Amino acid sequence: MGNTINNNNIALHIEDLSIAYTKDKYAVKGINADIYKNTITAIMGPSGCGKSTLLRAINRMHELYPEIKVTGNILMKDQNIFKINAMEVRQKIGMVFQRPNPFPSMSIYENVLAGYSLNGIKLKKEEKDRIVQEVLEDVGLWEEVKDTLHKKRTALSGGQQQRLCIARSIAMKPDILLLDEPTSALDPISTSKIEELLMKLKDKFTIVIVTHNMSQAARISEYSMFMYLGDLIEYDLTKKMFTNPNDKRTEQYLTGKFG
Amino acid sequence: MNKMKYRRYKDKAFLYLMFLITIIAITPLASIIFELVAKGFNQLNISFFTEVAPTTLDSMLAKSTGNPVKGGIANGIVGTLQIVGIASLMAIPLGVFVGIYLAENSNKKFSTLVSFSTDLLAGIPSIVYGIIAYAWIVIKITDGYSGFAGSVALSIMMLPLVIRSTEESIKMIPASLKEASLALGTSYRKTILRVILPSAMSGLFTGILLSISRVIGETAPLILTALGSQVINLDITKPTSAIPLLIWEFYNDPYLINMIWSSSLFLMLLVLIFNISAKQISKRWAIQ
Amino acid sequence: MKDRLFKISLIATCALVLLIMGGIIYTLAKGALPTFEEYGLGFITSSDWNPNPNNEHYGALPFIAGTLITSTLALLLCIPLSFPIAIFTGYYFKGTKVASIISDIVDMLAGVPSIVYGLWGFYTLRPIIVDLGLSQQGFGIFTASIILTIMIIPYATSLSSEFIKMVPNDLKEAAFAMGSTKLEVIQKVIFPSASSGIIASYILAMGRALGETMAVTMLIGNVNLIPTSLFSSGNTMASVIANQFGEADGIKLSSLIAIGLLLFFITVVINTIGRLIMKKLKV
């Protein structure tokens with residue numbers, strides 16, 4: 001993993017990234033890592049280790065809190081994401097959150113297209129219909145909701161809502177999809193549906209997922225990061241990390257000694 | 001054992017006493033409604049809505065010839081719609097924007113100051129707003145009593161209510177919704193205007209309707225500003241009538257006293273309509 | 001770019017609110033200045049309100065007295081009347097249909113326009129006062145105070161009910177578990193923990209009473225003298241403005257604005273005290 005990023009397989013190149021909430025209180029300390037295209041990378045670690053903070057910095061959500069300071073670079077296709085417009089970054093790097101958060105004032109149809117309408121991108125009716133159907137089929141929601149597409153305030157289950165949120169993100173055709181513990185608020189059946197969906201979606205997108213659920217990481221990811229107290233302790237193939245971790249702390253975490 | 005009984009009786013007696021007082025406290029409302037309906041209902045006819053208020057002269061003539069006094073409160077209805085409508089047009093956008101700012105920047109010093117001013121505005125008696133609109137508009141701008149001056153007085157009265165209800169209902173929206181919108185690459189402006197505000201709509205609407213229902217019956221500030229008019233007047237820079245102003249005129253004029261009950265009943269109905277629809281909206285549209 | 005414009009306009013509207021607030025104080029102060037230049041603080045302590053051109057003189061004491069007496073009386077009457085409603089909706093029937101019906105009725109009371117209260121007071125309440133032999137005409141301080149009481153009950157009730165609701169359940173349960181009756185729970189648990197909130201509610205309700213205009217104007221008798229008894233006629237600050245503003249000019253107009261300024265200060269002080277108590281509770 002050299003310093004050059006002409007490697008076509010690399011989606012994100014994270015370089016010496018540090019994130020501080022207050023002066024000298026670092027949540028993420030000097031991380032270097034490459035995220036590979038069309039893979040699922042899982043970020044694990046005990047709570048408070050900085051995994052969500054790292055993820056949120058990737059599409060610059062940390063900027064909602066002006067007191068957070070970020071140093072270092074994240075390169076995407078040779079572009080430093082901190083140097084270009086945040087809105088542009090977020091259109092290319094989608095994000096799904098811990099709790100499903102569809103827009104309550106919009107119908108399912110409008111939710112899927114929210115990225116377009118909110119960014120002022122005008123589409124023809126046929127185009128809209130096509131995107132909505134395609135994306136909802138992708139997330140496996142089409143059959144369940146095709147009759148209530150235009151109804152507002154339809155009662156969706158938590159799992160359906162989360163799949164709608166994934167649909168809303170991927171409708172924008174981002175290069176990268178970030179997920180912040182997307183199944184932690186869901187039941188086991190919904191969780192496994194989302195996991196299947198993610199495995200399918202990695203053909204189209206690069207996926208980075210924060211999870212506190214080790215077996216989830218083992219089930220779906222190719223690569224895993226283990227973070228501890230803001231440091232990136234280990235980053236390797238998931239198989240390798242789960243069977244033969246390099247670091248003592250990784251082993252302790254994976255065997256449930258802390259976390 | 002006896003002590004136990006005594007305590008139980010005391011408990012019961014207290015409950016009945018409280019119940020009795022509650023009944024006493026809400027008796028006036030029943031009495032007011034009964035009086036308005038009993039005395040005002042049979043005067044609510046078509047001409048009540050289509051004709052302007054009679055003058056004292058009309059009514060003296062009618063009385064002396066034994067005919068019933070003709071007339072309605074059309075000038076008041078139109079005036080009220082006009083004055084309250086323009087007040088809303090000024091207060092709602094302003095109040096919503098201030099509410100957004102307060103909800104979004106709750107820990108800034110500037111917000112504390114604005115918030116404190118909002119509280120002060122909410123406590124100022126309506127008659128003082130009358131004086132203010134008199135000084136600012138009647139004297140300086142319209143050069144005489146005007147419907148617009150009334151609108152200004154009422155709009156400052158509405159402002160704190162609109163601000164608070166916007167602020168409260170935006171604060172109820174989970175932060176995750178704002179994040180979801182921003183994460184799609186949406187601008188801050190569109191996130192607020194197209195995602196957050198629509199989601200907060202029920203609270204906002206409730207607040208707006210309640211603020212209208214609060215000012216629609218206001219009389220005192222209008223006496224100092226809009227003054228009243230015997231004809232339907234659409235020019236907002238001229239004296240304008242309003243339903244409460246007409247009630248005040250009828251009350252002060254022995255020849256027109258008959259008209260007060262129907263006018264008051266109608267005013268009460270207007271207030272109730274806004275009040276009840278505000279409540280229904282907040283119940284129906286509530287977002288879980 | 002549009003984002004910046006949006007943020008700037010948000011701040012600008014807030015600045016406008018401050019401007020309105022400042023403008024109100026400035027306008028009142030400027031309008032009142034001639035009066036204070038003419039009479040000094042004597043304006044507040046003098047009870048002589050005489051528009052007669054020969055010996056024109058204006059003193060606000062009768063109206064200050066009228067406002068303070070009627071509001072205080074309304075506050076005192078309002079406490080025993082609103083407490084039961086608050087205790088019903090906040091405790092006995094907390095969260096039930098009965099509570100929501102009662103609070104709906106109370107809300108309706110709050111929605112009745114001041115002038116309608118005035119009419120009701122004139123045509124229904126006043127004859128009762130006359131029949132009881134309390135006063136000849138039925139006008140006066142007492143009648144005005146009663147109408148004010150009825151008008152501020154909704155404010156006192158709905159606010160204090162919120163504070164009663166906020167008393168933690170485990171406290172009440174602990175008392176019940178020791179065999180307390182409901183009344184004893186009110187005395188030993190609810191009163192101690194909700195009392196300052198309830199007091200703040202009453203103070204804010206009194207803030208309402210201070211500025212009420214129409215209903216009081218119609219019932220107080222409109223006599224520019226310091227009231228000598230509960231049943232004598234009087235005038236309040238708000239009602240004298242409503243009655244005399246229209247035909248006033250010169251020093252009289254200034255004096256009425258000065259009364260408005262005083263009324264503004266009194267309500268600000270009362271409301272701020274009430275709010276401060278409530279803020280302390282929220283922390």
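This short talk covers one contact between two chains, the nonpolar cores, and a single loop residue.

Good morning. One caution before we start: this is a predicted model.

Let's begin with chains A and B. How many residues of chain B are in contact with chain A? The count is 18 on the chain B side, and they meet 28 residues of chain A. Together the two chains bury about 1,800 Å². Of that area, 65% lies on carbon and sulfur atoms. Which residues of chain B lose the most area to chain A? They are Glu179(B), Ala183(B) and Leu184(B). Those three account for 34% of what the chain B side buries.

Keep Glu179(B) in view. Glu179(B) also forms a salt bridge, and the partner is Arg56(A). The closest N and O atoms of that pair are 2.6 Å apart. The count of salt bridges between chain B and chain A is one. Polar contacts add to the picture: five residue pairs, with both residues at pLDDT 80 or more.

Now, where does the chain B side come from? Two helices each supply at least two residues: α8, residues 175–183, and α9, residues 188–199. The largest share is from α8(B), with seven residues. Sort that side of chain B by class and you get nine nonpolar, six polar and three charged residues.

Next, the cores. In soluble globular proteins, nonpolar side chains tend to be buried together. Here, the largest nonpolar core has 218 residues. Which members touch the most others? Leu136(A), Ile166(A) and Ile259(C) do. The largest share of this core, 12 residues, comes from helix α4 of chain B, residues 74–104.

Take a look at Ile166(A). Leaving out residues up to four places away in sequence, Ile166(A) touches seven listed neighbours, among them Val96(A), Val139(A), Leu177(A) and Ile194(A).

There is also a second, separate core, with 41 residues. Its members include Phe14(B), Ala156(C), Val167(C) and Ile186(C).

Last stop: Val69(B). You will find Val69(B) in the loop between α3, residues 56–65, and α4 of chain B. Why does Val69(B) count as partly exposed? Because its relative accessibility is 26%, and the partly exposed class runs between 20% and 50%. Beyond its neighbours within four places in sequence, Val69(B) is in contact with Pro54(B), Ser59(B), Ala62(B) and Lys63(B). Now set Val69(B) against Arg189(B). They are 120 residues apart in sequence, and 57 Å apart in space, C-alpha to C-alpha.

That's my tour. Thank you.

Key: Residues are numbered from 1 along each chain as its sequence is written. Chains are lettered from A and ligands numbered from 1 in the order in which they are written. This is a predicted model: local features need pLDDT of at least 70, side-chain atom pairs count only at pLDDT 80 or more; totals for chains, interfaces and linings use all residues. Side-chain values use heavy atoms; hydrogens and water are left out. Contact means heavy atoms within 4.5 Å. Buried area is the accessible area (1.4 Å probe) that two parts lose on being put together, summed over both. A salt bridge is a side-chain nitrogen of Lys or Arg within 4 Å of a carboxyl oxygen of Asp or Glu. A polar contact is a pair of N or O atoms within 3.5 Å; within protein, one must be able to donate a hydrogen and the other to accept it, and residues adjacent in sequence count only if both atoms are side-chain atoms. Helices (H or I, at least four residues) and strands (E, at least two) are DSSP runs, numbered from the N terminus. Ala, Val, Leu, Ile, Met, Phe, Trp, Tyr, Cys and Pro count as nonpolar, Asp, Glu, Lys and Arg as charged, and the others, Gly among them, as polar. A nonpolar core is a set of buried Ala, Val, Leu, Ile, Met, Phe, Trp, Tyr and Cys residues joined through side-chain atoms within 4.5 Å. Buried means under 20% relative accessible area, exposed over 50%, partly exposed in between (1.4 Å probe, protein chains only).
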